[in-house]
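Trainee: Please take a close look at one part of this model, and then place that part beside other features of the fold.

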Amino acid sequence: MAELVVDLTYGNALFQAAKEVGKVSLILEEANGVLEVLGKEPDLLAFLNTPAIAAKEKKDVMSKIFRGRICGELLNLMCILIDKGRTRHFSRIIGTFKSLIDKEEGFSYGKILSVKPLSKERLSRFEEETGKLLKMNVKLENSTASDLIGGVMVYIDGKIIDASIKGRLKDLKGSMKQ
């Protein structure tokens, strides 16, 4: 629970700061770049998350790597996270930041499960239809689930839309018991 509070607090602070200076899209783009670097360089991530290394040394390294490549606001956030020993939260903080952007732009994110990966066109159709059904702008992430047999399941904002064969069979079984 405390981790969620940390993610929300820093994500919200980054969002408010980005709005104030008019750099929301820039910070999002640069944060995704930083996440990509950290994903490709597990040693750098381990270095940042190691409590035995002094914060000053970590900030010096981060400044050498990112100064001039990312805006000051994002670099400052990273330095604050280093000082507070919360660098392991960075990816979730950026996730919260993205969610706040989407919320302001009227988007809701969800997940769509299918037996096979969906094409971009089909995924766009599902986003459009789900958006009409729920009266919101929807972006869906596709994952596969071979146990569905066929059809799809959509999870968004605590709602489940079960259009799978497995779900239909379950409903049929329930109605036959009655």
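Mentor: Lys-135 is found in the loop between helix H7, residues 120-134, and strand E2, residues 137-144. Helices (H or I, at least four residues) and strands (E, at least two) are DSSP runs numbered from the N terminus. The model is predicted, so local features are taken at pLDDT of at least 70 and side-chain atom pairs at pLDDT 80 or more, whereas totals for chains, interfaces and linings use all residues. Residues are numbered from 1 along each chain as its sequence is written, and side-chain values use heavy atoms, without hydrogens and water.

The backbone at Lys-135 merits attention: its phi is positive, about 55 degrees, although the residue is not a glycine. Lys-135 has a relative accessible area of 74% and is therefore exposed (buried means under 20%, exposed over 50%, partly exposed in between, with a 1.4 Å probe and protein chains only). Ile-149 is another non-glycine residue with a positive phi, in this case about 75 degrees. The place of Ile-149 is the loop between E2 and strand E3, residues 151-156. Its relative accessibility is 53%, so Ile-149 counts as exposed.

The description now turns from the loops to the helices. Asp-7 belongs to helix H1 and has a relative accessibility of 5%, so this acidic residue counts as buried. Apart from residues up to four places away in sequence, Asp-7 touches His-89, Arg-92, Ile-93 and Thr-96; contact means heavy atoms within 4.5 Å.

Helix H1 also takes part in an aromatic pair, and the structure holds one such pair. The ring centres of Phe-15 and Phe-97 are 6.2 Å apart and the planes meet at 70 degrees, so the pair is edge-to-face (centres must lie within 6.5 Å, and planes under 30 degrees apart count as stacked, over 60 as edge-to-face and the rest as tilted). Phe-15 sits in helix H1, residues 2-21, and Phe-97 in helix H6, residues 90-104; with their positions 82 residues apart, the pair links distant parts of the chain. Phe-15 has a relative accessible area of 5% and is therefore buried. Phe-97 is at 0% relative accessibility, so this ring too counts as buried.

Helix H6 appears again at the largest pocket, which has a volume of about 300 Å³. On a 1 Å grid over the protein atoms alone, a pocket is an open set of points with protein on both sides within 12 Å along at least five of seven lines, a cavity is a set where a 1.4 Å probe fits but cannot get out, and lining residues have an atom within 4 Å of a point. Points are joined across faces, edges and corners, and a volume is the space filled by probe spheres set on them. The pocket is lined by 14 residues, of which Gly-95, Lys-98, Ser-99, Asp-102 and Tyr-109 are the closest to its centre. Helix H2 (24-40), H6 and strand E1 (107-114) each give two or more residues to this lining, and H6 gives the most, with six. By class, the pocket lining has five nonpolar, four polar and five charged residues (Ala, Val, Leu, Ile, Met, Phe, Trp, Tyr, Cys and Pro are nonpolar, Asp, Glu, Lys and Arg charged, and the others, Gly among them, polar).

Enclosed space is a separate matter. The count comes to one cavity of 30 Å³ or more, and the largest cavity has a volume of about 70 Å³. Its lining consists of Leu-38, Leu-45, Leu-48, Met-62, Met-78, Leu-81, Ile-82, Thr-87 and Phe-90. Helix H3 (42-49) and helix H5 (72-84) are the elements that give two or more residues to this lining, with the largest share, three residues, coming from H5. Eight of the cavity-lining residues are nonpolar, one is polar and none is charged.

Helix H3 also holds Phe-47, whose relative accessibility of 17% means that Phe-47 counts as buried. Leaving aside neighbours within four places in sequence, Phe-47 is in contact with Ile-53, Glu-57, Lys-58 and Val-61. From Phe-47 to Leu-75 there are 28 residues in sequence and 17 Å in space, C-alpha to C-alpha.

Lys-40 lies in helix H2 and, at 59% relative accessibility, counts as exposed. Lys-40 and Val-61 are 21 residues apart in sequence and 17 Å apart in space, C-alpha to C-alpha.

Definitions and conventions. Rings of Phe, Tyr and Trp (its six-membered ring) pair if their centres lie within 6.5 Å; planes under 30 degrees apart count as stacked, over 60 as edge-to-face and the rest as tilted.
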